[in-house]
Amino acid sequence: MYTQGLDQKPDTEKQVDGTEQLVRFQARIDADEKIEPKDWMPDGYRKTLIRQISQHAHSEIVGMLPEGNWITRAPTLRRKAILLAKVQDEAGHGLYLYSATETLGVSRDQLTEQLLTGKAKYSSIFNYPTLSWADIGAIGWLVDGAAIMNQIPLCRCSYGPYARAMVRVCKEESFHQRQGFEIMLELSRGSDAQRRMAQDALNRWWWPSLMMFGPSDVDSKHSAQSMAWKIKRFSNDELRQKFVDVTVPQAEFLGLTMPDTDLDWNESRGHYDFGEIDWQEFYEVLKGNGPCNRERLAARQSAHDDGAWVRTAAVAYAQKQKRRCQAA
Amino acid sequence: MKKEDWPLFEIFIRSRSGLSHRHVGSLHAADASMALDHARDLYTRRGEGVSLWAVESRNIAASDPAESSALFEPAEDKIYRHPTFYEVPEGVENL
């Protein structure tokens, strides 16, 4: 029951015994209890979740654009059907997450507006272009792979609606990664030109995929509090390392080379060492200066504008049906 | 006209006959029949069910979590409502 009206508690209640409630709240979190929409929660917890879940929702929605770019040009009917299903899943994931955000007392209209005005961020990975068919393979394999790494711990997030949405998302996401790997596998077993295409896609998507885990732990603004609230379970750097460790052997299987000369197995750590991420690039893309930021937002804006008459017509039709029903 | 005019619906799915409908999530739609259409696309892309319910969220009355102890605690000390409360002597069967 995710009705918004009931989510809001009067402010006075918080002022009266805010600390006692805070202690009780943290105790519930520490006991691994889930927080549900109508439960009392600190403003910071609510705000953090609204920011994080809505960013996540926006990412799913904007994430449809780079892949949608290849639906009409997928090499076979099988590939086209798979890509259509995947992009439709992303829309679904966006909607589960918007619903979860709305349980925190923010409306869908506000969320859409925050995306379209650029006030809300989305994952900067989607500001890179998809130049060849191999990019669809690389996105499924690397981008969805990184997303899964991020999302699996979120299934245990302390906020019930977010955790439940993530369970659904994760269940559906694993086919996304496999279909991407399959594309890469087929290309890597193909002609020289196809192998070059696969390598080129890996070269362009590897570093942005590593950036998806967010700033390094030392620079991450929100991490410590989010960990205490059990919104986050692992740090950005831990997850990034895990992703590198599982992905490098997959690249070796494909016979592709990671675009990182510092990449090396470190026996004593039991992990791969890897090169320094270009954080300058990360922050530039985040600020709106990536290769496709303007294009992505323009596409969302025009989809929203072009759909306005449909929304209006649907409401008019619903009202007409209601009137007829009442008259009968 | 703003999207806000599309009310929120709660969606329930019966995964197969013999089981009750279970809440799976919510969505916005202009009316109930559109809610069912959207629910089909949103919540049953992988054969999750054989029947859908859409209920407008504002029509659901919900208990207040702040009152939960007053509501549910009285049941906690009535352990004699459970069969395990009663001692069954050795040798007595079919009880």
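Where is A:Asp32 found? I looked this up first and placed A:Asp32 in the loop between helix H1 (11-30) and H2 of chain A. I take helices (H or I, at least four residues) and strands (E, at least two) as DSSP runs, numbered from the N terminus.

**Ground rules.** I am working with a predicted model, in which local features need pLDDT of at least 70, side-chain atom pairs count only at pLDDT 80 or more, and totals for chains, interfaces and linings use all residues. Residues are numbered from 1 along each chain as its sequence is written, chains are lettered from A and ligands numbered from 1 in the order in which they are written, and side-chain values use heavy atoms, with hydrogens and water left out.

**Entry: positive phi.** I read phi of A:Asp32 as near 60°, a positive value in a residue other than glycine. A:Asp32 is partly exposed, with a relative accessible area of 47%. My terms here are buried for under 20% relative accessible area, exposed for over 50%, and partly exposed for what lies in between (1.4 Å probe, protein chains only). I found another such residue in A:Lys230, with phi near 55°. A:Lys230 sits in the loop between helix H9 (223-228) and helix H10 (236-254) of chain A, and at 17% relative accessibility A:Lys230 counts as buried.

**Entry: the interface.** I counted the contact (heavy atoms within 4.5 Å) as 27 residues from chain A and 29 residues from chain B. The buried area, meaning the accessible area (1.4 Å probe) that two parts lose on being put together, summed over both, is about 2400 Å² between chain A and chain B. Carbon and sulfur atoms give 58% of that area.

I then searched the interface for pairs. Nine residue pairs are in polar contact there, both residues at pLDDT 80 or more. A polar contact is a pair of N or O atoms within 3.5 Å; within protein, one must be able to donate a hydrogen and the other to accept it, and residues adjacent in sequence count only if both atoms are side-chain atoms. On the chain A side, helix H4 (77-102), helix H5 (108-116), helix H7 (160-188) and helix H13 (308-327) each supply at least two of the residues that touch chain B. H4(A) gives the most, with eight residues. I sorted the residues of this side into 10 nonpolar, seven polar and 10 charged. For that sorting, Ala, Val, Leu, Ile, Met, Phe, Trp, Tyr, Cys and Pro count as nonpolar, Asp, Glu, Lys and Arg as charged, and the others, Gly among them, as polar.

**Entry: salt bridges.** The rule is a side-chain nitrogen of Lys or Arg within 4 Å of a carboxyl oxygen of Asp or Glu. I found 28 over all chains, and five across the interface of chain A and chain B.

Which residues of chain B did I find bridged to A:Asp89? B:Arg45 meets A:Asp89 at 2.7 Å, N to O, and B:Arg46 meets A:Asp89 with the closest N and O atoms 2.5 Å apart. B:Arg46 lies in the loop between helix H1 (32-43) and strand E3 (51-56) of chain B and A:Asp89 in helix H4 of chain A, so the pair joins two chains. B:Arg46 is partly exposed at 36% relative accessibility, whereas A:Asp89 is buried at 2%.

Within H4(A), I noted a salt bridge between A:Glu90 and A:Lys86 (2.9 Å, N to O). The two are four residues apart in helix H4 of chain A and so are separated by about one helical turn. A:Glu90 is buried at 5% relative accessibility, and A:Lys86 is buried at 1%.

**Entry: H5(A).** Seven of the nine residues of H5(A) are buried, so this helix is largely enclosed by the rest of the structure. The cover over those buried residues includes helix H2 (43-62), H4 and helix H12 (293-306) of chain A, together with strand E2 (22-28) of chain B. After H5(A) comes A:Gly118, with a positive phi near 85°.

**Entry: A:Asn127.** I located A:Asn127 in the loop between H5 and H6 of chain A. At 2% relative accessibility A:Asn127 counts as buried. Its side chain makes a polar contact with the side chain of A:Tyr122 (2.6 Å).
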